[in-house]
Amino acid sequence: MSSDFKNINAATAFMEQGILAFASDYNFDFIEKDMALTPREYQMNALKNFISLFETPRESQREYAFNMATGSGKTNLMAMIISYMKKAGYQRIIFLAHSDNIINKTRLNVVDSSSGKFLFKNEDFVDEVDNFSSHINGVEIHLTTIQKLHLAICSGRENSFSIGD
C-alpha cells in the first residue's frame, strides 16, 4: 500500500472517530424541525463533520469544501448548514457562486417557498436581502456572484453592499 493510501486511511479513521465522539453529544433536532427533506446518512455525516470542524477552535480556518458527486444533495447539505448556523446564532449569510445560473437555482431551493424545490419547512426561514439590516428577526442571505460582490464592494455606491456588511 502506498503512503498516500495510508495517509488517506489514517485521516478517514481520525475523522470517523471525531464524528462519532462529537455526534453522541450533539442535538440535531433542528434538522427535523427545519428541513423539508430527510437527509441521507452521508449528508448527515458531512454535516456532523462540518459542525465538528467548525466548532473546533482554530486561529484561521473558516473555509470548508465538500467533495460530493452530482445529484448527491450538496444543496440540501447547504440548507442543513444554514439551519445549523441559525441555531448557532448566525443570522447573516453571503452565498457566493461563479454564475447567475447557480444563484437562481439556489434561490428556488432556499428562498422561494412557492418552488417545488424549496428545502425548508417554514416558508419564512430565510429572507433574501441586498443589504443586511440592523434588526434581524431570522436569517438573511445575500445571493450573489463573486464578480457582482467584487463590483459592489469596489464601487462604494450608496445602498450597495459594502465591506462593512
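What share of the 165 residues in the protein chain is buried? Keep that in mind as you work through the exercises below.

**Before you start**

This is a predicted model, in which local features need pLDDT of at least 70 and side-chain atom pairs count only at pLDDT 80 or more, while totals for chains, interfaces and linings use all residues. Residues are numbered from 1 along each chain as its sequence is written, and side-chain values use heavy atoms, with hydrogens and water left out.

**Exercise 1. Describe the chain as a whole.**

Step 1: settle the opening question. Buried residues account for 36% of the 165 residues in the protein chain, where buried means under 20% relative accessible area, exposed over 50% and partly exposed in between (1.4 Å probe, protein chains only).

Step 2: list the elements. The protein chain has six helices and three strands; these are DSSP runs numbered from the N terminus, with helices (H or I) of at least four residues and strands (E) of at least two. Read from the N terminus, their order is α-α-α-α-β-α-β-β-α.

Step 3: look at the contacts. A contact means heavy atoms within 4.5 Å. Among contacts in the protein chain between residues at least 6 apart in sequence, 67% join residues at least 24 apart.

**Exercise 2. Find where the model is most and least confident.**

Step 1: take the overall value. pLDDT is the predictor's confidence in each residue, from 0 to 100. Its mean over the protein chain is 82, and 76% of the residues reach 70 or more.

Step 2: go element by element. Helix H5 (residues 100-110) has the highest confidence, at 94, and helix H1 (residues 3-23) the lowest, at a mean of 52.

Step 3: check the start of the chain. The pLDDT is below 50 over residues 1-7, a stretch with two contacts in the model beyond near neighbours in sequence. Where pLDDT is low, the predicted coordinates should not be read in detail.

**Exercise 3. Locate the salt bridges and describe the residues that form them.**

Step 1: apply the rule. A salt bridge is a side-chain nitrogen of Lys or Arg within 4 Å of a carboxyl oxygen of Asp or Glu, and by this rule there are three salt bridges.

Step 2: begin with aspartate 34. Aspartate 34 lies in helix H2 (residues 29-34), and its side chain meets that of lysine 33 in a salt bridge (3.4 Å, N to O). Is each partner buried or exposed? Aspartate 34 counts as buried because its relative accessible area is 7%, whereas lysine 33 is exposed, at 59%. Not counting residues up to four places away in sequence, aspartate 34 touches Ser83, Leu119, Phe120, Lys121 and Phe125.

Step 3: move to lysine 148 and aspartate 100. Their closest N and O atoms are 2.9 Å apart. This pair links distant parts of the chain, with lysine 148 in helix H6 (residues 146-155) and aspartate 100 in helix H5, 48 residues apart. Lysine 148 is partly exposed at 44% relative accessible area, and aspartate 100 is partly exposed at 37%.

Step 4: finish with glutamate 128 and arginine 107. Their closest N and O atoms are 2.7 Å apart. Glutamate 128 sits in strand S2 (residues 126-128) and arginine 107 in helix H5, 21 residues apart. Glutamate 128 is partly exposed at 31%, and arginine 107 is partly exposed at 26%.

**Exercise 4. Describe the lining of each of the two largest pockets.**

Step 1: fix the terms. On a 1 Å grid over the protein atoms alone, a pocket is an open set of points where a 1.4 Å probe fits, with protein on both sides within 12 Å along at least five of seven lines, and lining residues have an atom within 4 Å of a point. Grid points are joined across faces, edges and corners, and a volume is the space filled by probe spheres set on the points.

Step 2: take the largest pocket. Its volume is about 830 Å³. It is lined by 21 residues, of which Phe50, Met78, Ile81, Ile94 and Phe95 are the closest to its centre. H4 gives the most to this lining, with seven residues.

Step 3: turn to the second largest pocket. It holds about 510 Å³ of space. Of its 20 lining residues, Gly73, Lys74, Thr75, Asn76 and Asn109 are the closest to its centre. H5 supplies the largest share of this lining, five residues.

Step 4: sort both linings by class. Ala, Val, Leu, Ile, Met, Phe, Trp, Tyr, Cys and Pro count as nonpolar, Asp, Glu, Lys and Arg as charged, and the others, Gly among them, as polar. The largest pocket has 15 nonpolar, two polar and four charged lining residues; the second largest has five nonpolar, eleven polar and four charged.
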